Amino acid sequence: MQDRHRSRRVRTVASVVAAAALALTAGCESGGHSAASPAASAKPSPSPSPAWNHSPKSLAAIGDSITRGFDACTVLADCPEVSWATGSDPQVDSLAVRLLGTAAPNSSWNYAKTGARMADLPAQMDLAAAHHPGLVTVMTGANDACRKDAAAMTPVASFRAEFETALRRLRAVSPKSQVYVASVPDLKRLWSTGRGSPLGKQIWKLGICQSMLADADDLGPAATARRGEVYARVVAYNGVLRDVCAKDRACRYDGGAVFDYDFDGTQLSPWDWFHPSKDGQMHLAEIAYRKVTAPG
């Protein structure tokens, strides 16, 4: 009798050990979870990026003086009718006109402001988002580098935080709006081109981009180092624009096209030799249209 009880206990223990071994083996093969475990079934599937719409039905522009056409028509004044983004001048053939045709006047809005920096972008984005535009154009950052001196330039971390805030605020109101981000122009190249104009250098002395343009003919070590610092900051800003835009599923960065563009004398304002002229605005519109309508 005792032998039968002892035999039954041995068989029971063996069964438990075998079951435990089987469960352990299954757990190792499945990464610690069985096929039907909650952790395995709850894993989200990646959401596909939306197809880029090459023909948006409306456009809102935000940014700084370049998008306002500053100094393109008269000295020290905005001229939004020649804006690369929303202008109506047929010689410019703005991005809005190229994309929207005759609907452009009633389906495009320009909230850029001369002197604006990245810190102003979230508020501008709020105004743009209220229209639920098909496309938002962004061109800003030059004024973050164009300060009274290099020490006053916007820190890169602050520049990043404000740009991220602007995109979050757009997505909270108008999640389907596409965004085109233009790179910050190469301010050092603009200095190099514009310093050949005596009139331009006199206008620069009124306070335009002193971190880069002050003492325009000074080629000494200190001035050269200052301009190099501004150049490096612009490169860093463009890196931020690229990286932050890449994290947004409906954002396109221009790949540095505006930064790389070699503005010549005819494409710079005849008054300040720094801002784009009407011809320069037309070339900015061409770059933007090419990037917005590119495949992929």
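1. In this note a surface patch is a group of residues that each have over 30% relative accessible area and no salt bridge, with nonpolar side chains joined within 5 Å. The model under review is predicted. On its surface, Val75, Leu76 and Leu206 make a nonpolar patch of about 280 Å². Val75 belongs to the loop between strand 1 and helix 3 (95–100). Its relative accessible area is 39%, so Val75 counts as partly exposed and passes the 30% cut-off for patches.

2. The central element for the next points is a sheet. Five strands, in the order 2-1-3-4-5, form an open sheet with parallel pairing. Strand 2 (108–110) and strand 5 (251–253) are at the edges; each has a single partner strand, and therefore one side of each lacks a neighbour in the sheet. On average, neighbouring strands of the sheet are turned by 15° against each other, direction ignored.

3. Strand 4 has pairing partners in both strand 3 and strand 5. Strand 3 and strand 4 run parallel and are joined by 4 bridges. Strand 4 (residues 178–181) also pairs with strand 5 in the parallel sense, over 3 bridges. At the level of residues, Val181 of strand 4 is the bridge partner of Val138, and Val181 also stands opposite Tyr253 in strand 5. Tyr180, in turn, stands opposite Arg252 in strand 5.

4. The side chains of strand 4 deserve a separate remark. In a regular strand, side chains alternate between the two faces of the sheet. Here Gln178 and Tyr180 point one way from strand 4, while Val179 and Val181 point the other way. Are these residues buried or exposed? All of them are buried, that is, under 20% relative accessible area.

5. Two helices may be described relative to the sheet. Helix 5 (residues 121–129) lies across strand 1 (59–63) and strand 3 (135–139), and runs at about 165° to strand 1. Helix 13 (residues 278–292) packs on the sheet and touches strand 3, strand 4 and strand 5. The direction of helix 13 makes about 135° with that of strand 4.

6. The structure holds 10 salt bridges. One of them joins Asp89 and Lys278, whose closest N and O atoms are 3.2 Å apart. Which parts of the chain does this pair tie together? Asp89 lies in the loop between strand 1 and helix 3, and Lys278 lies in helix 13, so the salt bridge connects parts that are 189 residues apart in sequence. With a relative accessible area of 16%, Asp89 is buried, whereas Lys278 is partly exposed at 26%.

7. A second salt bridge is formed by the side chains of Arg189 and Asp262, at 3.9 Å from N to O. This distance falls within the 4 Å limit that defines a salt bridge. The pair links distant parts of the chain, 73 residues apart: Arg189 is in helix 8 (residues 187–194), and Asp262 is in the loop between helix 12 and helix 13. Arg189 is partly exposed, its relative accessible area being 26%. Together with Asp186, Arg189 and Asp262 are linked in a network of salt bridges.

8. A further salt bridge is that of Arg242 with Asp243, in which the closest N and O atoms are 2.9 Å apart. Both partners are partly exposed: the relative accessible area is 44% for Arg242 and 30% for Asp243.

9. Two backbone conformations should be noted. Most residues other than glycine have a negative phi. Asp93, although not a glycine, has a positive phi of about 55°. Asp93 is placed in the loop between strand 1 and helix 3, and is partly exposed with a relative accessible area of 29%. Trp273 is likewise not a glycine and has a positive phi of about 50°. The loop between helix 12 (257–260) and helix 13 contains Trp273, which is partly exposed at a relative accessible area of 22%.

10. The loop between strand 1 and helix 3 recurs across several points above. Val75 of the nonpolar patch lies in this loop, as do Asp93 and Asp89, the salt-bridge partner of Lys278. The loop between helix 12 and helix 13 recurs as well, with Asp262 and Trp273 located there.

Conventions. Residues are numbered from 1 along each chain as its sequence is written. This is a predicted model: local features need pLDDT of at least 70, side-chain atom pairs count only at pLDDT 80 or more; totals for chains, interfaces and linings use all residues. Side-chain values use heavy atoms; hydrogens and water are left out. Two strands pair if DSSP finds at least two bridges between them. Helices (H or I, at least four residues) and strands (E, at least two) are DSSP runs, numbered from the N terminus. Axes are lines fitted to C-alpha atoms, for helices over the stretch in contact, and angles run from 0 to 180 degrees between N-to-C directions. Contact means heavy atoms within 4.5 Å. Patches are made of residues with over 30% relative accessible area and no salt bridge: like charges are joined within 9 Å, nonpolar side chains (Val, Leu, Ile, Met, Phe, Trp, Tyr) within 5 Å. Accessible areas come from the Shrake-Rupley method with a 1.4 Å probe; for residues, only the protein chains shown count as cover. Buried means under 20% relative accessible area, exposed over 50%, partly exposed in between (1.4 Å probe, protein chains only).
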